[in-house]
Amino acid sequence: MKKFIGLVFSLTIISAVCAAVLAHVGALTKDPIAKMGAEREKLAVQAVMPEGVVKIENKNSIFIGLDSSGAVLGYASEGLDAGGYGGDIKLMVGFAADGKTVIRYKTLYAAETPGLGMKLNDPEFASQFNGKDGMSVKVKKDGGNIEAITAATITSSAVCRAVKSAQKKVAAVK
């Protein structure tokens, strides 16, 4: 019995030390991880904005691209859809000054199948959205104007829904 109590005590001490180390590492890395996320978001916003943007304002996580005179050139917003083959698909979508016409999107997060669903980043697929009204995008299988990624219709449809999600956010602010 004494041996059992000694083992339980040892394991309790080891567990407490491990928990303390993990908590400390979590506290140390929290700010750098948040900073990297903010930087990644900033780069994505810049990548999807139209040419000529010199200033970007953030209004409730809707990014407004302005020219040097203060005129609106475009918008950017995150679009999210949980229906991807591998789960969530999170995009940063850029829109023209009308708040409807897609300029381009950049993938922030996707856990799709490598070689299939991850082709959502391929220019051949992504460029199909450029110049289209974000609310009208659907895969051809559903009567739309977007050619789905071969063997990845679920992912393609999720990208369309994520673009629509982003446009709804822009419309609420515009």
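Biologist: How many aromatic pairs does the structure hold?

Modeller: This is a predicted model, and the structure holds 2 aromatic pairs. One of them joins Tyr105 and Phe129, with 5.5 Å centre to centre and 85 degrees between the planes.

Biologist: Which arrangement do Tyr105 and Phe129 form?

Modeller: Planes over 60 degrees apart count as edge-to-face. The Tyr105 and Phe129 pair is edge-to-face.

Biologist: Which parts does the pair tie together?

Modeller: Tyr105 belongs to strand E5 (residues 102-110), while Phe129 sits in the loop between helix H2 (123-126) and helix H3 (153-173), so the pair ties together parts that are 24 residues apart in sequence.

Biologist: Are Tyr105 and Phe129 buried or exposed?

Modeller: Buried means under 20% relative accessible area. Both Tyr105 and Phe129 are buried. For Phe129 the relative accessibility is 0%.

Biologist: Why is the pair of Phe125 and Phe129 edge-to-face?

Modeller: The ring centres of Phe125 and Phe129 are 5.5 Å apart and their planes stand at 75 degrees, so this pair is edge-to-face. Phe125 is buried, with a relative accessible area of 4%. Ring pairs thus link Tyr105, Phe125 and Phe129 into a cluster.

Biologist: What is the general idea behind a nonpolar core?

Modeller: In soluble globular proteins, nonpolar side chains tend to be buried together. Here, the largest nonpolar core has 27 residues. Those that touch the most other members are Leu91, Val93, Tyr105, Leu120, Phe125, Phe129 and Val159.

Biologist: Which elements give two or more residues to this core?

Modeller: They are strand E2 (62-66), strand E4 (87-96), E5, H2 and H3. H3 gives the most, with 7 residues.

Biologist: Which residues is Tyr105 in contact with, leaving aside its neighbours within four places in sequence?

Modeller: Tyr105 is in contact with Val48, Leu91, Met92, Val93, Leu120, Phe125, Ala126, Phe129 and Val159. Apart from the largest core lies another core, of 8 residues, among them Ala44, Val45, Met49 and Ala76.

Biologist: Now to pockets. What volume does the largest pocket have?

Modeller: Its volume is about 160 Å³.

Biologist: Which residues line the largest pocket?

Modeller: The lining consists of Lys119, Asp122, Glu124, Phe125, Gln128, Glu147, Ala148 and Ile149. By class, 3 of the lining residues are nonpolar, 1 is polar and 4 are charged. Phe125 appears in this lining and also in the ring cluster with Tyr105 and Phe129.

Terms used
Residues numbered from 1 in each chain as written. Predicted model: local features only at pLDDT ≥ 70, side-chain atom pairs only at ≥ 80, totals over all residues. Heavy atoms only, no water. Phe/Tyr/Trp six-rings, centres within 6.5 Å; stacked < 30°, edge-to-face > 60°. Helix = DSSP H or I, 4+ residues; strand = E, 2+ residues; numbered from the N terminus. Buried < 20%, exposed > 50% of the residue type's maximum accessible area, 1.4 Å probe, protein only. Core = buried A, V, L, I, M, F, W, Y, C linked by side-chain atoms within 4.5 Å. Contact = heavy atoms within 4.5 Å. 1 Å grid on protein atoms, 1.4 Å probe; cavity = no way out; pocket = protein on both sides within 12 Å on 5 of 7 lines; lining within 4 Å. Points joined across faces, edges and corners; volume = space filled by probe spheres on them. Nonpolar A, V, L, I, M, F, W, Y, C, P; charged D, E, K, R; others polar.
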